[in-house]
Amino acid sequence: MAPSASDVLRLDGNGNPRTLRLLASLVEAESRRFAAAASEPAENDLVRAFRGGATPAVPIAEFLERLQRCNYLFDGAVYVLAAAYLALFMRSPAALEAGIVVEPATAHRLISVAVLLGAKFSSPRYYERRVESFQVCSGESIRSTELCPIELLFLRALDYRVFIDDEEFRRFFRILERRPAPARSVACAAKKRKAEEEVEPRRVRACQLAARYGISGFNQS
């Protein structure tokens, strides 16, 4: 069944769009999945740009909630568009060639640009609610001067194709609705990572990432 406008725009108990928390859950799950990549050196400009100078300490969900409070006119559609843009970026030739993934060092800047684009193209007049809010809400870790350059990198990777039709919008809303599986215990996750490191090379390859993203939340239909 296709989602209705009320499904997309519905608010949670805190007065935030439901899709905000759904997007945060998906991004946090992907960040945990690729947590080991954060310790790998940034070997190209794209990874360096999205890692930036400092990694925000604030969790993704709290970061988005802070942005929502600063930009209170963001509606639920912004976060569905952000999910679509992030997924399309991660599957772009530029991202795959660079080997960039959603991991703790890149997650905040990737989601910042995706939300920024979602706000711009969902409600252009609300975009003027100041880019500086991203700096404030990240605890000063993401500088407002960073956003324009990384937004340009993001758009180039998308080949400036930012139109999302109704069918694609509904598809990404369904992806958000599915929610990621609950996280395993820290001990189980550490054991699995150790086993993987014994059989996989340390360096994250673009072809491996493409295969992994074929089963990740951002690439499911």
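1. Of the 221 residues in the protein, 46% are buried (under 20% relative accessible area; exposed is over 50%, partly exposed in between; 1.4 Å probe, protein chains only). This is a predicted model, where local features need pLDDT of at least 70, side-chain atom pairs count only at pLDDT 80 or more, and totals for chains, interfaces and linings use all residues. Residues are numbered from 1 along each chain as its sequence is written, and side-chain values use heavy atoms, with hydrogens and water left out.

2. The fold: 12 helices and zero strands. Both are DSSP runs numbered from the N terminus (helices H or I, at least four residues; strands E, at least two). The exposed surface of the protein is about 11300 Å², with 53% of it from carbon and sulfur atoms. These areas come from the Shrake-Rupley method with a 1.4 Å probe, and for residues only the protein chains shown count as cover.

3. Contacts (heavy atoms within 4.5 Å) reach across the sequence. Among those with a separation of 6 or more, 83% join residues 24 or more positions apart.

4. The largest nonpolar core contains 58 residues. Such a core is a set of buried Ala, Val, Leu, Ile, Met, Phe, Trp, Tyr and Cys residues joined through side-chain atoms within 4.5 Å. Phe89, Ile111 and Phe154 have the most contacts inside it. Helix α5 (residues 76–90) supplies the largest share of this core, 13 residues. Leaving aside residues up to four places away in sequence, Ile111 touches Leu23, Val27, Ile60, Phe63, Leu64 and Leu86.

5. Helix α10 covers residues 166–178, 13 in number. From first C-alpha to last it reaches 19 Å, close to the 18 Å expected at 1.5 Å a residue (1.5 Å times one less than the number of residues). Its buried residues are Glu168, Phe169, Phe172, Phe173, Ile175 and Leu176. Seen down the axis of α10, they fall within an arc of 155°, so they line one face of the helix. The arc is taken from the directions from the helix axis to the C-beta atoms. Exposed Asp166 and Glu167 sit on the face of α10 turned away from its buried side.

6. Asp165 caps the N-terminal end of α10. A side-chain oxygen of Asp165 lies 3.3 Å from the backbone nitrogen of Glu167.

7. Check Asn16 in the loop between α1 (5–9) and α2 (18–33). Asn16 is buried, at 9% relative accessible area. Not counting residues up to four places away in sequence, Asn16 touches Arg10, Leu11, Glu65 and Gln68.

Notes
Polar contact = N/O pair within 3.5 Å; in protein donor to acceptor, adjacent residues only side chain to side chain.
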